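Subject: The structure and what turned up in it

Hello,

Here is the structure I promised to pass on to you. Please open it alongside this email, and then read on for what I found.

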Amino acid sequence: MNWNSARATACALLSFVTLSLAAPAFAEQPIYQDLNRSFEDRAADLVSRMTLEEKVSQLQNDAVAIPRLSVPAYEWWNEALHGVARAGADTVFPQAIGMAATFDTPLMTQIATAIREVRNAGKRAGDEVVQPYLRPVEPLRPRAFKELRGVERVTLKAGESRVVRFSISPARDLAIYDDVNKAYAVDAGQFEVQIGASSADIRAKAALDVTH
């Protein structure tokens, strides 16, 4: 049994566990339902109450419900590396190998930095996956309508805000493969820098002009 995986899954599930108000007054409240306890204590308590079969059932992204513990089914595919998938109308696909394709470190950060403040306006702590996109306004050659150029998962307490920065570089973010010259090239023109929670939920935009 992979205890750490089951425990991490239990942490994700805690936000959805419902406290039963109909329980007898003399019944002791389980630690995992006590919002005043730490996530670590609550996760350990919840996992300790699971059978072996129930622990195994939580190790896949489509974790099934455990009714006797008031744990609903939970889809936790949205961990930012693969993007927001199977949970709504749109999906994006961040990729972890982008920086490995560029070996000129100074060149990677010489062109621009996209900055956006993210604020949790809710009443409880939560996560947001902040994503910058580049949209070529009038591309000189066929390319995607908008291109994901980074991802950062931010955890914020209620009312907390944080500034998120993304570096935009020509070799890594603007280049496109030139079939004629058999090499990557950066075309002149205008790009629209977009920052949002998904490709369909853009919160800020800015213009980026590229000249040679």
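Which residues are linked in a network of salt bridges? They are R143, E147, R149 and D173. Before going further, please keep in mind that this is a predicted model.

Within that network, R149 and E147 pair up with their closest N and O atoms 2.7 Å apart. R149 is partly exposed, because its relative accessibility is 26%, while E147 is buried, with a relative accessible area of 9%.

Searching the whole structure gives 13 salt bridges. Two others that you may like to look at involve strand β4. One of them joins R153 to D127, where the closest N and O atoms are 3.0 Å apart. R153 sits in strand β6 (residues 152–156) and D127 in strand β4 (residues 126–136), so this salt bridge ties together parts that are 26 residues apart in sequence. Both partners have some exposure: R153 is partly exposed at 42% relative accessibility, and D127 is partly exposed at 44%.

The other joins E192 to R135, with 3.2 Å between the closest N and O atoms. Here strand β10, which holds E192, is linked to strand β4, which holds R135, and the two residues are 57 apart along the chain. E192 and R135 are both buried.

Strand β10 also contains V193, which is buried because its relative accessibility is 10%, under the 20% cut-off. The C-alpha atoms of V193 and L134 are 4.9 Å apart, although 59 residues separate them along the chain.

Next, the cavities. The whole structure has three of 30 Å³ or more, and the largest has a volume of about 80 Å³. R143, from the salt-bridge network, is one of the residues lining this largest cavity. Others in the lining include P136, L140, D187 and F191. Strand β10 (residues 189–198) provides the largest share of the lining, three residues. By type, the lining has six nonpolar, two polar and three charged residues.

Finally, the aromatic rings. One aromatic pair was found in the whole structure: Y177 and Y184 meet edge-to-face, 5.3 Å centre to centre and with 70° between the planes. Y177 is partly exposed, at 36% relative accessible area, whereas Y184 is exposed, at 62%. Charges sit over rings as well: the charged end of R42 is over the ring of F39, 5.6 Å from its centre, and K146 lies over the face of Y133, at 5.6 Å from the ring centre.

Best wishes

How values were computed:
Residues are numbered from 1 along each chain as its sequence is written. This is a predicted model: local features need pLDDT of at least 70, side-chain atom pairs count only at pLDDT 80 or more; totals for chains, interfaces and linings use all residues. Side-chain values use heavy atoms; hydrogens and water are left out. On a 1 Å grid over the protein atoms alone, a cavity is a set of points where a 1.4 Å probe fits but cannot get out, and a pocket is an open set with protein on both sides within 12 Å along at least five of seven lines; lining residues have an atom within 4 Å of a point. Grid points are joined across faces, edges and corners, and a volume is the space filled by probe spheres set on the points. Helices (H or I, at least four residues) and strands (E, at least two) are DSSP runs, numbered from the N terminus. Ala, Val, Leu, Ile, Met, Phe, Trp, Tyr, Cys and Pro count as nonpolar, Asp, Glu, Lys and Arg as charged, and the others, Gly among them, as polar. Buried means under 20% relative accessible area, exposed over 50%, partly exposed in between (1.4 Å probe, protein chains only). Rings of Phe, Tyr and Trp (its six-membered ring) pair if their centres lie within 6.5 Å; planes under 30 degrees apart count as stacked, over 60 as edge-to-face and the rest as tilted. A charge sits over a ring if NZ of Lys or CZ of Arg is within 6 Å of the ring centre and within 35 degrees of the ring normal. A salt bridge is a side-chain nitrogen of Lys or Arg within 4 Å of a carboxyl oxygen of Asp or Glu.
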